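Let's go through this one by asking how each label was earned. Have a look first, then the questions start.

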Amino acid sequence: MILNIILTLSIISQIAKQCSEIKQIDFDFTEIRQSEMLREPSTAEGHIWYSSPDNIRMEYYEPVRYTVDMTNPSSKRIARIVSQMINGKLLLDSKQFKS
């Protein structure tokens with residue numbers, strides 16, 4: 001069991017190190033929301049742009065076209081969390097992520 005924990009922490013550290021080297025990335029995404037209140041899952045499609053340290057822009061194309069710009073001050077907390085997911089810092093944050 002201790003060996004598994006050590007190996008898991010080692011893998012998490014390696015992933016976080018590689019993610020920390022990401023300076024810019026952009027990609028298409030499909031978001032699927034499921035809820036007991038929905039008869040069927042709701043699907044949205046769009047594109048995300050990220051640049052280090054925490055600049056994020058999301059454009060939704062379907063079903064409704066809109067933009068979420070996380071560079072404004074009111075979105076900084078969300079942008080920081082999403083950025084930490086991308087750059088691997090969230091993996092190393094024991095308060096946020098427990099292995």
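Q: How many salt bridges does a search of the whole structure find?
A: The search finds 2. This is a predicted model, where local features need pLDDT of at least 70, side-chain atom pairs count only at pLDDT 80 or more, and totals for chains, interfaces and linings use all residues. Residues are numbered from 1 along each chain as its sequence is written, and side-chain values use heavy atoms, with hydrogens and water left out.

Q: Why is the contact of Glu 31 with Arg 33 called a salt bridge?
A: The term asks for a side-chain nitrogen of Lys or Arg within 4 Å of a carboxyl oxygen of Asp or Glu. Here the closest N and O atoms are 2.8 Å apart, so the pair qualifies.

Q: What makes Arg 57 and Glu 59 a salt bridge?
A: Their closest N and O atoms are 3.0 Å apart, and that is within 4 Å, so this pair passes too.

Q: Is Glu 59 buried or exposed, and how do you know?
A: Buried means under 20% relative accessible area, exposed over 50%, and partly exposed in between (1.4 Å probe, protein chains only). Glu 59 has 15%, so it's buried. Its partner Arg 57 has 33%, so Arg 57 counts as partly exposed.

Q: Why does Ile 86 count as buried?
A: Its relative accessibility is 17%, which is under 20%, so the label fits. You'll find Ile 86 in helix α2 (residues 76-87); helices are DSSP runs of H or I with at least four residues, strands are runs of E with at least two, and both are numbered from the N terminus.

Q: What makes up the largest nonpolar core?
A: It has 9 residues in all: Phe 29, Ala 44, Ile 48, Tyr 50, Ile 56, Met 58, Tyr 60, Met 70 and Ile 86. Strands β2 (42-51) and β3 each supply at least two of them. A nonpolar core is a set of buried Ala, Val, Leu, Ile, Met, Phe, Trp, Tyr and Cys residues joined through side-chain atoms within 4.5 Å.

Q: Why is Glu 62 called partly exposed?
A: Glu 62 has a relative accessible area of 46%, which falls between the two cut-offs, so that's the name it gets. It lies in strand β3 (residues 55-62).

Q: Which peptide bond is cis, with omega near 0 degrees?
A: The one from Glu 62 to Pro 63. Pro 63 sits in the loop between β3 and β4 (66-69). Most peptide bonds are trans.
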